[in-house]
Amino acid sequence: MATLLPPPRRQKQAHHISQHEETKKTAPVPTVVVQFLSDDGSNPIAPPVALPADVPRAQLEALVNQLSNSGDDPTPFDLHVSLPEGKAGAPTRVTLSTSILVDVLSLPGAPLTSEDVIKVRCSPQSIFRVRPATRCSSTLSGHKAPILCAAFSPTGDILATGSGDNTARLWDLMTETPSHTLEGHRGWVLCVEWEARQRIVATGGHDNAVRLWEPKTGKPIGGPLTGHTKWVTSLAWEPIHINPTNPRLASSSKDGTVRVWSSHLRRVEYILGGHTASVNVVRWGGTGKGRLYTASSDRSVRIWDAERGQCIWTLSDHAHWVTTLTLNTDFVLRTGPFDHTNQMPKSDAEARESALKRYEAVTARNSEMLITGSDDHTLFLYSLPSSLDVPGDAGSEKRPKPIARLTGHQRQVSHVAFSPDGRWAASAGWDGAVKVWDGKTGKFVATFRGHVAPVYRLSWSADSRLLITASKDSTLKIWSLKTLKLHTDLPGHNDEVYCVDFVGDKIVSGGKDGLVKIWKN
């Protein structure tokens, strides 16, 4: 009789697991309608498209390049979504770093849902990228007192610093070594400014004098420019695209005046007297044949015709001292014909053409814009008309009105600066906070918190992707505009840090400890 094999053993099943797996269903990925817009939100790049909400950011950027016909040379884009205005202090934009599903639809409070048209603003990024600094590469000693000001040359090869030891110094940033000591001031050196073709460096001091120096040799160009009756607070050179051969120099003073000097003839051309208190800042704009912007402790900002030396408008919106101001063209005016390629112009005409091209690229969509910061804890954003048809401002209805009043700081505003491309503005305050604003509308973007003491100065990287801040708490901090978060903390100074500047991939800083520190990747 044949042997019967036993039936196969029945496999045990975890009924509670299998039933759960059968009933569990993966949540479907919603489909959203996406509208790709230009940076300012005014022009659509393409018709709206329906996409799964979990499409990765990289594919969204590739789609933008495809829709905008970028060809074989794709453009890097910053993608962000503007959020409806919520409670005070809430962010008004979110950067797409992962996908629309993760970055937008998963936000607390659901400001936007899959039923809304997701409007993605596409901002083309610079074709070069600045590497964030992570370490101190050099500590340079030489000054015998706190370093009060610092500025890099337009090419980024030389750094100039001014100190409370009555001297200014030049430092070679290629070799990270001292270059020259500029001796001549009889008081603290409070401000230093480079001519945009790097031919002259100017310093202003507590001795009421302005001095000019030859950077290659460190020798003075003539004697001091005297006339101010109190110390010099700020300096500004005439833009290269207006006067490439012999640009003039403007100096503001505690005595309430601004003097415009001929650097070639070494004499004052005219004096601007209208402020009734200290003039804290002067900037030379590039509109038309030039404008001068002055901020004063008399609570006003004045705009002057630099050709005629005549006041055009007086802006009296602040309720306390106006201590800082910035133009969206500051970076291109400061660096003149020099861009990231660092090509040296062969003539004044070539320098003027290159500088004008860079200036017009920043002002292509917006005219010259101005932000002022005050001890009244607020800032104002102005868009300035290019016409100078109505000089004088007594009761003039054509006087510029502020686009926005930027509020949020709890104490005095110490510094404000536009990013090099003009898209962003950042302000630092005595409340220890750093705030980022939309450079075209003035809308609040984000608050950077991390410093535990007043923030004195801030500076942007040349690609507008990074922001560096210097504080009384003896630290520097690098913030990323992509993530809107702290990128790197740079401790190392022994005391308060008074000045900081970006130089290509390097950061230079100086402060109360009298040391110049160079930071790089």
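Put together, domain 1 and domain 2 bury about 800 Å² between them, and 45% of that area sits on carbon and sulfur atoms. This comes from a predicted model. As for what the two parts are, the domain assignment gives residues 31–85 plus 93–124 as domain 1, and residues 135–388 plus 398–520 as domain 2. Nine residues from domain 1 and nine residues from domain 2 make up the contact. Measuring from middle to middle is left to the computation, which puts the C-alpha centres of domain 1 and domain 2 at 35 Å apart.

What does the boundary hold in the way of specific pairings? Across the interface of domain 1 and domain 2, zero salt bridges turn up. Polar contacts fare no better there: the count between domain 1 and domain 2 is zero residue pairs, with both residues required to be at pLDDT 80 or more. On the side of domain 1 that touches domain 2, strand 3 (77–82) and strand 4 (93–95) each chip in at least two residues. That side of domain 1 breaks down into no nonpolar residues, four polar ones and five charged ones. So much for the boundary.Turning to the repeats, the unreviewed UniProt entry lists "repeat: WD" at residues 140–181, 182–223, 225–262, 272–314, 406–447, 448–483 and 490–521. Two of these stretches are described here. Over residues 140–181, the chain is 57% strand and 0% helix, and the C-alpha atoms at the two ends of 140–181 lie 13 Å apart. Residues 406–447 come out at 55% strand and 0% helix, with 13 Å between the end C-alpha atoms of that stretch.

Salt bridges do appear elsewhere in the model, where the count comes to 14. One of them joins the side chains of Glu61 and Arg57, with 2.5 Å from N to O. Glu61 and Arg57 are separated by about one helical turn because they stand four residues apart in helix 2, which covers residues 57–67.

Conventions. Residues are numbered from 1 along each chain as its sequence is written. This is a predicted model: local features need pLDDT of at least 70, side-chain atom pairs count only at pLDDT 80 or more; totals for chains, interfaces and linings use all residues. Side-chain values use heavy atoms; hydrogens and water are left out. Domain bounds come from an automatic or database domain assignment. Contact means heavy atoms within 4.5 Å. Buried area is the accessible area (1.4 Å probe) that two parts lose on being put together, summed over both. A salt bridge is a side-chain nitrogen of Lys or Arg within 4 Å of a carboxyl oxygen of Asp or Glu. A polar contact is a pair of N or O atoms within 3.5 Å; within protein, one must be able to donate a hydrogen and the other to accept it, and residues adjacent in sequence count only if both atoms are side-chain atoms. Ala, Val, Leu, Ile, Met, Phe, Trp, Tyr, Cys and Pro count as nonpolar, Asp, Glu, Lys and Arg as charged, and the others, Gly among them, as polar. UniProt positions are given in the numbering used here, feature names are shortened, and annotations may be inferred rather than shown by experiment.
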